[in-house]
Amino acid sequence: MDNTLPPLDNVRIPTVMSDDFKNRVRVRLYQLFLEFGRCPCKAELAADLGCSAPDIAEAYHELAAAHALVLQPASGEVLMANPLSAVPTPFAVETQGPTGQRTWYGNCIWDALGVIAMLNSDGSVLASCGCCGESITVGVHNGEVSSHPPGVVHFALPARRWWDDIVFN
Amino acid sequence: MLIFRSEDHIDRWCKAWRLERGETLSLERTWQLADAWYRDRMRADWRRRTVDETHELFRSLGLTTDFWRFS
């Protein structure tokens, strides 16, 4: 039997994570996402906030439990910081920023339009028909939406089932 | 939530996936929903809406059927 205690550096002392810290993690995640043009990893966010990657992981899990984030199942990195997707999806969003055109990904057509709303910007969603794959470009200009060709949006699941399988939804 | 070229394409997709038809929104209504839902998401004072607040938001956009209720 090995009675050797682990080195202190490897011991995680349980703490009560403050709502303020979780909110700092959440807000800084979005800010770095926009700054980098991609989702930061836990280590990058930890370095930015001057804390440890396990602290970020713990905050992520609590934010995910509160449905404020969706995490990748194996790595625990962010999958969705809604409306933004951390991974490419069939809903590419192009917006015009101070440094030129930026491309983002939404988790669905609702979220793709949400990216444009969140950025308070004009923009375009490069999508395709869920049935036949025909290209559909949705534009938002001065708060007015249009598409070419015309399109309609289908919500397959009722609201009460949205979080049963958020990745499918 | 997917976009389709027409209602007929939604029907074909539902049939292919053996799914019941859900609800269809115009792009204009979807944009209004996206704007109301996400415009404040990056703000430090953002918090999740309560169920009642969410129902009120849906109601304000004319989304009043049981489909849009969490309980």
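**Exercise 1. The sheet shared by two chains**

What is the order of the strands in the open sheet of three strands that includes β9(A), and in which sense do they pair?

*Solution.* The model examined here is a predicted one. Begin with the strand order, which reads β1(B)-β9(A)-β2(B), with antiparallel pairing in an open sheet. Next, look at the edges, where β1 and β2 (23-26) of chain B are found, each of them pairing on one side only. From one strand to the next, the twist averages 35°.

Then follow the pairing of β9(A) with β1 (residues 2-4) of chain B, where three bridges join the two antiparallel strands. A:Val152 has B:Phe4 as its bridge partner in β1(B), and A:Val153 stands opposite B:Ile3 in that strand.

**Exercise 2. A helix on the sheet**

Find the helix of chain B that packs on this sheet, and state which strands it touches and what angle its direction makes with that of β9(A).

*Solution.* Start from the sheet with the order β1(B)-β9(A)-β2(B). The helix that packs on this sheet is α1 (residues 7-16) of chain B, which touches β9 of chain A as well as β1 and β2 of chain B. The direction of α1(B) makes about 30° with that of β9(A).

**Exercise 3. The contact between the chains**

Describe the contact between chain A and chain B, beginning with the residues that take part and ending with the make-up of the side that belongs to chain A.

*Solution.* First, take the residues: 49 from chain A and 41 from chain B make up the contact. Second, consider the area, since the size of an interface is often given as the accessible area lost when the parts come together. Here the two chains bury about 4,300 Å² between them, and 69% of this lies on carbon and sulfur atoms. In chain A, the residues that lose the most area to chain B are A:Trp110, A:Val152 and A:His154, which together account for 18% of what that side buries.

Third, turn to the pairs across the interface. The count of salt bridges between chain A and chain B is zero, whereas 15 residue pairs are found in polar contact, counting pairs with both residues at pLDDT 80 or more.

Fourth, ask which elements of chain A take part. Those that give two or more residues to the side touching chain B are α1 (19-36), α4 (109-118), β6 (123-128), β7 (135-141), β8 (144-148) and β9 (152-155) of chain A. The element that gives the most to this side is α4(A), with eight residues. By class, the side of chain A that touches chain B holds 33 nonpolar, twelve polar and four charged residues.

**Exercise 4. Hairpins within chain A**

Trace the open sheet formed by β1, β2 and β3 of chain A, and then describe the hairpin of β4(A) and β5(A).

*Solution.* The three strands lie in the order β1-β2-β3 in chain A, with antiparallel pairing. Because β1 and β3 of chain A stand at the edges with a single partner strand each, one side of each is left without a neighbour in the sheet.

Between β1 (residues 70-71) and β2 (residues 78-81) of chain A there are two bridges, and A:Leu71 stands opposite A:Val78 in β2(A). The hairpin of these two strands has six residues between them, and A:Gly76 takes a positive phi near 75° in this hairpin. Moving on, β2(A) pairs with β3 (residues 84-85) of chain A over two bridges, with A:Ala81 opposite A:Leu84, and the hairpin joins these strands through two residues.

For the other hairpin, β4 (residues 92-97) and β5 (residues 100-105) of chain A pair in the antiparallel sense over six bridges. Two residues lie between β4(A) and β5(A), and A:Gln96 has A:Gln101 as its bridge partner in β5(A).

**Exercise 5. Backbone angles in the loops**

Which loops of chain A hold A:Pro83, A:Pro149 and A:His67, and what do the backbone angles there show?

*Solution.* A:Pro83 is found in the loop between β2 and β3 of chain A, and the peptide bond that joins A:Asn82 to A:Pro83 is cis, with omega about 10°. A:Pro149 lies in the loop between β8 and β9 of chain A, and the bond from A:His148 to A:Pro149 is cis, with omega near -10°. Finally, A:His67 is placed in the loop between α3 (53-65) and β1 of chain A, where A:His67 has a positive phi of about 65° although it is not a glycine.

Note on methods. Residues numbered from 1 in each chain as written. Chains lettered and ligands numbered in written order. Predicted model: local features only at pLDDT ≥ 70, side-chain atom pairs only at ≥ 80, totals over all residues. Heavy atoms only, no water. Contact = heavy atoms within 4.5 Å. Buried area = accessible area lost by both parts, 1.4 Å probe. Salt bridge = Lys/Arg side-chain N within 4 Å of Asp/Glu carboxyl O. Polar contact = N/O pair within 3.5 Å; in protein donor to acceptor, adjacent residues only side chain to side chain. Helix = DSSP H or I, 4+ residues; strand = E, 2+ residues; numbered from the N terminus. Nonpolar A, V, L, I, M, F, W, Y, C, P; charged D, E, K, R; others polar. Pairing = 2+ DSSP bridges. Axes fitted to C-alpha atoms, helices over the stretch in contact; angles between N-to-C directions.
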